[in-house]
Structure formats: C-alpha cells, structure tokens
Amino acid sequence: MTVAQLMELIDGTLLTQAGTDKEISSGCVCDLLSWVMAHARPGGVWVTVQTHLNVVAVAELSDLACVVLPCGMEMEQAALEKAGETGLAVLSSPMSAFDIAGILYAQNVRGA
C-alpha cells in the first residue's frame, strides 16, 4: 500500500506536499519517541498525537514512509516545514488512532 492509498482509506488530509508515492511496509502507533527510534522499521507508518519538530527528526532517522496524526490533529508549522524539506508525508485523519490501526491491520500492514 502507498501513502496515497492509505490517505484515501483513512479520509486523510495531506499536510505536506511530499512522499505520497512511498510504499508502506509496517506500522506503529506510539507517542514515545525513543520507542519509535528503537522499534520502527524503514518504510513504516507512524500514528502519533505528537506534533512537534522532534517527530520529523525521529521519522527521518527511522526512514519512515509517513506520519499520521489522528482525530483531526494539526502539526506545528515549523515541523511541517521541516517535513516538507525532508520529503516526509504528514497526514491528518479525523479517525482515532485505534481505528487507523485497525484499517492498517485489515490491509495486512503489521507492527514493528
């Protein structure tokens, strides 16, 4: 599944103009940055309520395909600008993190 396909499934809004053609290979739902750095796999999708600049740094360090913000959350402007520079897709979805995880699982995307 690509980031663009995920965006459709979760009624997502693209907050950066980058990376929608990337393939998603795995996923994690977590708000602890150190856990994501230790366990996320390259090409993964990260569902988080964190919206600050460090999210982009962790996503880039972990070579993630995208970050998804649940419940219609918005990311801080500085973080969005950095995500755009690095080619990281950031999506916002009106769905809960739990529902997004269920959709990913139903699409055969498994955890890290």
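These notebook entries record what I looked up in the structure, which is a predicted model.

**Entry 1. Overall layout**

I began with the secondary structure and found 5 helices and 5 strands in the chain. Read from the N terminus, the elements follow the order α-β-β-α-β-α-β-α-β-α.

I then turned to the dimensions. The C-alpha trace spans about 35 × 30 × 25 Å along its principal axes. The radius of gyration is 12 Å, and this agrees with a compact globule, because a globule of 112 residues would have a value near 13 Å.

For the surface I noted an exposed area of about 5500 Å², of which carbon and sulfur atoms supply 53%. Of the 112 residues, 46% count as buried. I also looked up how far along the sequence the contacts reach: among those between residues at least 6 apart, 50% join residues at least 24 apart.

**Entry 2. Cysteines**

How many disulfides does a search of the whole structure find? I recorded 0. C30 is in no disulfide, and its nearest cysteine sulfur, that of C28, lies 6.3 Å away. The cut-off for a disulfide is 2.5 Å between the sulfur atoms.

Why does C71 form no such bond? Its closest cysteine sulfur is in C30, at 16 Å, and that is too far for a bond.

I compared the surroundings of these two residues as well. C30 counts as buried because its relative accessibility is 14%, and the limit for buried is under 20%. C71 has a relative accessible area of 54% and is therefore exposed, the limit for that class being over 50%.

**Entry 3. Aromatic rings**

I searched the whole structure for aromatic pairs and found 0. One ring does have a charged partner to report: R110 lies over the face of Y105, at 3.6 Å from the ring centre.

**Entry 4. S26 and G43**

I located S26 in strand β2, which covers residues 26–29. Is S26 buried or exposed? At 2% relative accessibility it counts as buried. Leaving out residues up to four places away in sequence, I listed its contacts as R41, G43, G44, V45, V109 and R110. R110 thus appears in the contact list of S26 and also over the ring of Y105. As a check on distance, I noted that S26 and E8 are 18 residues apart in sequence, with their C-alpha atoms 18 Å apart in space.

G43, one of the residues that S26 touches, sits in the loop between α2 (33–39) and β3 (44–47). It is buried, since its relative accessibility is 15%. With the same sequence neighbours left out, G43 touches E23, I24, S25, S26, D63, L64 and A65. From G43 to G27 I recorded 16 residues along the sequence and 8.5 Å between C-alpha atoms.

**Entry 5. Two further buried loop residues**

S62 is placed in the loop between α3 (53–61) and β4 (66–69). Its relative accessible area is 8%, so I entered it as buried. Beyond residues up to four places away in sequence, S62 touches V36, M37, A40, R41 and P42. R41 is also among the residues that S26 touches.

L88 belongs to the loop between α4 (77–86) and β5 (89–92). With a relative accessible area of 5%, L88 is buried. Which residues does L88 touch, not counting those up to four places away in sequence? I listed T16, A18, V56, A59, L64, A65, C66, V67 and A83. L64 and A65 are also in the contact list of G43. I noted too that L88 and T2 are 86 residues apart along the chain, while their C-alpha atoms are separated by 13 Å.

**Entry 6. Positive phi values**

I looked next at backbone angles. D11, a residue other than glycine, has a positive phi near 55 degrees. I found D11 in the loop between α1 (3–9) and β1 (13–14). Its relative accessible area of 51% makes D11 exposed.

N108 is not a glycine either, yet its phi is positive, at about 70 degrees. Where is N108 found? It is in the segment after α5 (97–106). At 56% relative accessibility, I entered N108 as exposed.

Conventions: Residues numbered from 1 in each chain as written. Predicted model: local features only at pLDDT ≥ 70, side-chain atom pairs only at ≥ 80, totals over all residues. Heavy atoms only, no water. Buried < 20%, exposed > 50% of the residue type's maximum accessible area, 1.4 Å probe, protein only. Phe/Tyr/Trp six-rings, centres within 6.5 Å; stacked < 30°, edge-to-face > 60°. Lys NZ or Arg CZ within 6 Å of the ring centre and 35° of its normal. Helix = DSSP H or I, 4+ residues; strand = E, 2+ residues; numbered from the N terminus. Rg over C-alpha atoms; globule rule 2.2 N^0.38 Å. Contact = heavy atoms within 4.5 Å. Areas by Shrake-Rupley, 256 points an atom, 1.4 Å probe, with all protein chains shown as cover.
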